[in-house]
Amino acid sequence: MKKEQVVNCQFSVWYPIFKKHTIKSLILPLPQNVIDYLLDDGTLVVSGGDNNNQQNQTNNSDSEEEDVQAPEFPEFNSKVLEAINTLGGCVFPKLNWSAPRDANWIALNSSLQCQSLSDIFLLFKSSDFITHDLTQPFLHSSDEDSPNPAINYELVLRKWSELLPGGEFRCFIKENKLIGISQRDYTQYYHHISKQEAQICHSIQEFFSQHVQYQFLDEDCEWDSGKVWLIDLNPFGEVTDSLLFTWEELTSGNSLSANQEQGDTAQQEGPVFRYTTSDVTVQPSPCLSYRIPRDFVDLSTGEDAYKLIDFLKLVRMTKKRQQEDSEEEVEEEVRQ
Ligand SMILES: Nc1ncnc2c1ncn2[C@@H]1O[C@H](COP(=O)(O)OP(=O)(O)OP(=O)(O)O)[C@@H](O)[C@H]1O
Ligand SMILES: [Mg+2]
């Protein structure tokens with residue numbers, strides 16, 4: 001995977017080419033001060049909200065007493081709100097490449113559905129995937145010694161769509177050929193996939209030859225498809241999760257082989273189709289490791305008032321105890 005391929009997989013590059021076959025979206029340039037705010041991890045201060053709905057927190061205990069002000073981006077905020085309105089009021093946000101899929105647990109609705117800039121900021125500031133886009137987009141590129149191409153960062157807002165996870169497949173394209181198809185949500189078993197395997201494979205191949213093949217700037221890429229919709233386009237390389245394939249298999253010159261355990265269909269011509277079969281143990285969601293204990297979430301959002309009260313009592317008790325200890329120490333010194 002070359003840096004140029006990563007550049008070509010930016011949303012604003014592929015969206016105009018495949019606009020007719022994907023979810024309606026709007027792209028807004030990300031101002032530098034917003035990028036700086038997203039990268040500043042000294043504070044988790046959520047900005048961009050309606051003024052009476054701000055959560056001001058700090059993880060810097062030295063400035064505990066200070067009232068930390070969320071930075072405001074009024075001009076950007078109004079552009080974002082206008083775009084959200086145009087897209088029907090609910091959006092799925094992402095940057096040039098990634099969505100904050102690792103942070104959905106922090107949102108009040110445990111979803112990536114956003115209605116305001118503060119919803120977006122909360123997800124973005126909590127996401128390692130977003131930080132990856134901002135700080136190391138060219139990680140794993142084969143031409144690492146060449147200078148990094150300049151990137152214009154963009155906020156992508158996509159109309160919120162209720163997508164069925166069992167209807168999404170990741171397709172691997174090498175030298176303009178569709179070589180592999182993998183169930184996207186491979187941690188679950190979907191009965192309909194094994195039942196309709198041939199039909200699904202056929203629809204994807206047809207969509208590929210009619211709308212994707214030879215259309216894109218790169219001969220190699222990877223895309224996610226729901227029946228006839230293109231959801232996303234990723235670079236063909238290790239930054240992308242190869243799901244039920246391995247990158248070694250996909251990149252070696254050998255043709256992909258059947259693997260019964262994973263529910264393969266070996267075909268003479270055309271792609272290898274892999275999905276999770278019933279006998280594979282259902283695995284935990286790959287994003288689970290990004291979560292923190294529920295108590296922290298409840299405290300940070302103020303969702304569970306009793307937990308917050310308990311926490312404040314604990315802080316007060318600890319402070320009181322510390323004070324008593326230091327008073328005792330002083331008395332002790334005076335006595336001596
Ligand atoms: N507009 C949308 N509305 C609701 N859900 C969506 C929308 N777009 C994408 N999703 C869901 O979110 C998932 C992740 O989206 P997307 O592939 O764009 O993120 P990504 O960060 O590029 O992921 P990856 O790194 O795996 O490519 C999709 O598989 C789909 O289930
Ligand atoms: Mg992607």
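Strand S7 gives the largest share of the shell around ligand 1, three residues; strands here are DSSP runs (E, at least two residues) numbered from the N terminus. The model is predicted, so local features need pLDDT of at least 70 and side-chain atom pairs count only at pLDDT 80 or more, while totals for chains, interfaces and linings use all residues. Residues are numbered from 1 along each chain as its sequence is written, chains are lettered from A and ligands numbered from 1 in the order in which they are written, and side-chain values use heavy atoms, without hydrogens and water.

A look at the shell itself helps to set the scene. Among the 19 residues around ligand 1, those that come nearest are Lys94, Ala99, Glu168, Asp232 and Asn234; a residue is near if one of its heavy atoms lies within 4 Å of the molecule. Domain 1 (3-159) and domain 2 (165-288) both contribute to this shell, so ligand 1 lies between them, with domain bounds taken from an automatic or database domain assignment.

Oxygen atoms of ligand 1 take part in several short pairs. One lies 2.8 Å from a polar side-chain atom of lysine 94, and one is 2.7 Å from a backbone N or O atom of alanine 99. For aspartate 232, a side-chain N or O atom is 2.7 Å from an oxygen atom of the ligand.

Aspartate 232 also serves the metal: together with Asn234 (OD1), Asp232 (OD) coordinates the magnesium ion (ligand 2) at 2.0 to 2.1 Å; donors are N, O and S atoms within 2.8 Å of the metal (3.2 Å for Na, K and Ca), and sites may look incomplete because water is not among the atoms. Aspartate 232 is buried, at 10% relative accessible area, and asparagine 234 is buried at 12%, where buried means under 20% (1.4 Å probe, protein chains only).

How values were computed:
Polar contact = N/O pair within 3.5 Å; in protein donor to acceptor, adjacent residues only side chain to side chain. Helix = DSSP H or I, 4+ residues; strand = E, 2+ residues; numbered from the N terminus. Buried < 20%, exposed > 50% of the residue type's maximum accessible area, 1.4 Å probe, protein only.
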